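Thanks for letting me look at this one. Below are my comments as numbered points, written to be read with the model open beside them.

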Amino acid sequence: MSRQAAENIIVIKNLNFYYGQFQALKNINLEIKARRITALIGPSGCGKSTFLRTLNRMNDLIEGARAEGEIWFDGKNIFSPETDLLELRRRVGMVFQRPNPFPLSIADNVTYGLRVHGHFDRLFLEERLYWSLKAVNLWDELKDRLNESALNLTGEQQQRLCIARLLAVQPEVVLMDEPCSALDPVATARIEDLMRELRENYTIIIVTHNMQQAARVSDYTGYFLLGELVEFGDTNQIFTSPRDKRTEDYITGRFG
Amino acid sequence: MSSNGTNKLEKSDRLIKLSLLMIALSAVSVLAIITIFIFEQGLPIMFRYGLKHFLLGQDWYPSEKSFGLLPMIIGSLMVTFGALIIGVPLGLASAIFLTEFSSRRLAGFLKPVIELLAGIPSVVYGFIGLMFLVPFIRERFGGPGLSVLAASVILGIMILPTVISITIDSIRAVPDSYREGSMALGATKWQTVRMVVLPAARSGIIAGIILGMGRAIGETMAVIMVAGNAADIPGSVLAPVRTLTSNIALEMAYASGEHREALFATGVILFIIIMILNTVANMSSAKQRKKGSGR
Ligand SMILES: Nc1ncnc2c1ncn2[C@@H]1O[C@H](COP(=O)(O)OP(=O)(O)OP(=O)(O)O)[C@@H](O)[C@H]1O
Ligand SMILES: [Mg+2]
């Protein structure tokens with residue numbers, strides 16, 4: 001696990017989050033290590049997705065939602081008014097629970113983010129298309145079908161494509177919200193392999209309901225309960241000797 | 001569960017199925033009868049004078065046995081496309097604004113209001129056009145005011161409710177996951193709409209435009225009131241124009257003999273033009289769907 005002491009890439013301080021009157025996150029403090037996989041676990045409705053979506057400010061799109069506190073990324077508080085939201089979302093990308101490729105061709109899906117950020121050079125786009133599909137191990141399968149609709153792909157291929165679409169814009173952090181929940185065990189294992197490969201170059205934060213998955217792929221694990229971060233630490237430590245009784249109950253399956 | 005009960009159920013099901021079939025058949029047969037009637041009344045004269053006489057003839061003098069419909073065919077096409085040029089951009093812009101950029105409260109208030117516009121009788125549109133639009137065009141741009149332009153503007157407004165409400169429905173049917181995926185890549189709202197939402201909603205939007213087009217080409221009353229109705233090929237958008245529907249409505253009351261038959265022939269040609277436009281538009285949207293909306 002310890003290649004070298006990893007530096008913090010994201011630091012969250014006293015984060016509170018509200019949907020209108022309802023407080024979904026309560027005073028979260030957390031440091032995310034660069035080029036490591038951080039897993040977030042916890043029962044349904046405890047605020048994992050909400051937390052993930054504050055990191056790239058996707059929650060801004062929800063009417064009546066409000067965040068307090070600080071999230072430091074690259075030396076800046078992302079809640080400060082100077083933040084370039086579009087650039088933040090490019091650097092902190094997101095993979096969703098259900099694969100959501102656009103109803104466009106495979107190639108157009110991958111180059112979408114680049115075109116959105118003002119890149120139109122054909123050669124550059126083709127180069128990135130190749131590189132991104134290679135990175136998610138789709139190139140050999142799909143190189144002859146680049147102009148087909150992405151909606152014809154299998155679930156696993158679609159999810160890989162969504163990851164490729166993200167990598168194309170060269171993010172630093174990849175947020176994954178239950179990326180395997182719509183996939184079968186074989187596809188899940190392969191996506192997990194992909195995550196281990198990506199760990200070399202990207203910081204990954206993954207929300208999962210699958211405890212084994214968290215134990216298998218992650219370096220650090222955080223346990224959420226009712227909007228609180230109950231415990232955070234080394235994945236080994238969390239799964240072998242949790243400090244908090246509630247974490248232990250959840251991990252050993254004694255939780256409701 | 002007795003087999004008796006299921007039997008009874010099956011019986012009533014079959015009864016309902018049968019009566020629905022009858023109703024459907026009678027609705028279809030009414031349509032078929034109307035179609036047959038129009039063709040039966042209109043086709044003989046078309047064969048007698050030749051298709052060319054009707055389609056390419058430029059002179060409509062029924063009393064002198066001259067039944068050239070070219071001015072009316074061109075007229076119908078001009079005002080219909082004029083209506084689309086005015087109504088489609090406006091309608092799309094309104095629908096995009098209401099679905100993607102306005103608050104939900106404003107959209108909830110405006111959508112029913114817009115749909116109410118569809119219920120205003122066409123004679124009212126024509127009257128308003130005659131009172132305000134026609135004098136405005138005459139004074140600002142010259143010409144008689146009664147013109148292709150006036151008819152296009154009025155029709156453009158009349159097709160708005162159709163275009164807007166169908167476009168709104170098809171934009172709303174686009175899954176939010178597309179929008180989220182796009183925004184999460186750092187796209188702006190407008191980029192998301194232009195590059196993902198509209199392409200995804202395309203076949204629905206085309207259907208809305210087709211319906212709008214059908215409304216425009218079939219509209220009669222409002223057009224008669226503002227178009228001037230001269231049976232000549234319009235030299236400009238400021239010139240008066242007569243459409244196929246106007247031709248029928250204006251002369252049916254007093255027509256007899258071959259004149260009356262020629263009006264039915266007008267109906268036949270209108271019918272065929274609408275069929276062609278519908279088929280072309282349907283084919284292009286069906287092709288979209290088959291490609292899985294991919295480009
Ligand atoms: N848009 C919203 N408006 C209001 N409340 C919301 C909204 N989204 C989520 N919530 C509430 O916030 C709480 C946390 O939701 P969140 O989706 O973050 O949970 P989660 O841990 O991701 O759950 P799951 O494991 O089921 O995905 C829940 O009580 C939920 O009902
Ligand atoms: Mg969730």
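1. B:Asn229 sits in the loop between helix H10 (221-227) and H11 of chain B. Please bear in mind that this is a predicted model, and then look at the backbone here: B:Asn229 is not a glycine, yet its phi is positive, at about 70°. Most residues other than glycine have a negative phi, so this loop position deserves a glance. The residue is buried, with a relative accessible area of 13%, which places it under the 20% cut-off.

2. A neighbour worth viewing together with that loop is B:Ser246, which belongs to helix H11 (residues 244-251) of chain B. Is B:Ser246 buried or exposed? Its relative accessibility is 0%, so B:Ser246 counts as buried. Leaving aside neighbours within four places in sequence, B:Ser246 is in contact with B:Asn229, and also with B:Thr220, B:Val223 and B:Ile224.

3. Chain A has a positive phi of its own. A:Leu226, again a residue other than glycine, has phi near 50°, and its place is in the loop between E9 and E10 of chain A. The hairpin formed by E9(A) and E10(A) has 2 residues between the strands. Here the surroundings are open: A:Leu226 is exposed, with a relative accessible area of 62%, whereas B:Asn229 is buried.

4. The strand leading into that hairpin is a good one to follow residue by residue. All 6 of the 6 residues of strand E9 (residues 220-225) of chain A are buried, so the strand is largely enclosed by the rest of the structure. Both of its faces take part: A:Tyr220, A:Gly222 and A:Phe224 point one way, while A:Thr221, A:Tyr223 and A:Leu225 point the other way.

5. Which strands are joined to E9(A) by bridges? Strand E3 (residues 37-41) of chain A runs parallel to E9(A), with 4 bridges joining the two, and A:Thr38 stands opposite A:Tyr220. Strand E10 (residues 228-234) of chain A runs antiparallel to E9(A) and is joined to it by 6 bridges. In that second pairing, A:Tyr223 has A:Glu231 as its bridge partner.

6. There is also an open sheet of 4 strands in chain A, in the order E2-E1-E4-E5 and with antiparallel pairing. Its edge strands are E2 and strand E5 (76-77), each of which pairs on one side only. E5(A) is joined to strand E4 (residues 65-73) of chain A by 2 bridges, and A:Trp72 is partnered by A:Asn77 in E5(A).

7. Next, the ligand. The shell around ligand 1 has 13 residues, of which A:Ser44, A:Lys48, A:Ser49, A:Thr50 and A:His209 come nearest. Strand E2 (22-33) and helix H1 (48-55) of chain A each supply at least two shell residues, and the largest share, 3 residues, comes from H1(A).

8. Three polar distances to oxygen atoms of the ligand can be checked on screen. A side-chain N or O atom of A:His209 is 2.6 Å from an oxygen atom of ligand 1. For A:Gly45 the atom is a backbone N or O, and the distance is 2.8 Å. For A:Glu178 a side-chain N or O atom is 3.4 Å away. Taken alone, ligand 1 exposes 630 Å², and the protein buries 62% of that.

9. On the nonpolar interior: the largest nonpolar core has 60 residues, and those touching the most other members are A:Tyr112, A:Leu133, A:Leu161, A:Ile163, A:Met176 and A:Met195. Helix H3 (residues 106-116) of chain A gives the largest share of this core, 6 residues. A second, separate core has 44 residues, including B:Met158, B:Met225, B:Ala227 and B:Ala262.

10. What does A:Tyr112 touch, not counting residues up to four places away in sequence? The partners include A:Phe102 and A:Leu104, and from chain B they include B:Leu185, B:Ala187, B:Met195 and B:Val196. B:Ser182, B:Gln191 and B:Thr192 are touched as well.

11. One last residue, for orientation in chain B: B:Phe136 lies in helix H5 (residues 122-141). B:Phe136 is partly exposed, with a relative accessible area of 42%. The C-alpha atoms of B:Phe136 and B:Ala222 are separated by 17 Å, and the two residues are 86 residues apart along the chain.

Technical notes. Residues are numbered from 1 along each chain as its sequence is written. Chains are lettered from A and ligands numbered from 1 in the order in which they are written. This is a predicted model: local features need pLDDT of at least 70, side-chain atom pairs count only at pLDDT 80 or more; totals for chains, interfaces and linings use all residues. Side-chain values use heavy atoms; hydrogens and water are left out. Buried means under 20% relative accessible area, exposed over 50%, partly exposed in between (1.4 Å probe, protein chains only). Two strands pair if DSSP finds at least two bridges between them. A nonpolar core is a set of buried Ala, Val, Leu, Ile, Met, Phe, Trp, Tyr and Cys residues joined through side-chain atoms within 4.5 Å. Contact means heavy atoms within 4.5 Å. A residue is near a molecule or strand if one of its heavy atoms lies within 4 Å of it. A polar contact is a pair of N or O atoms within 3.5 Å; within protein, one must be able to donate a hydrogen and the other to accept it, and residues adjacent in sequence count only if both atoms are side-chain atoms. Accessible areas come from the Shrake-Rupley method with a 1.4 Å probe; for residues, only the protein chains shown count as cover.
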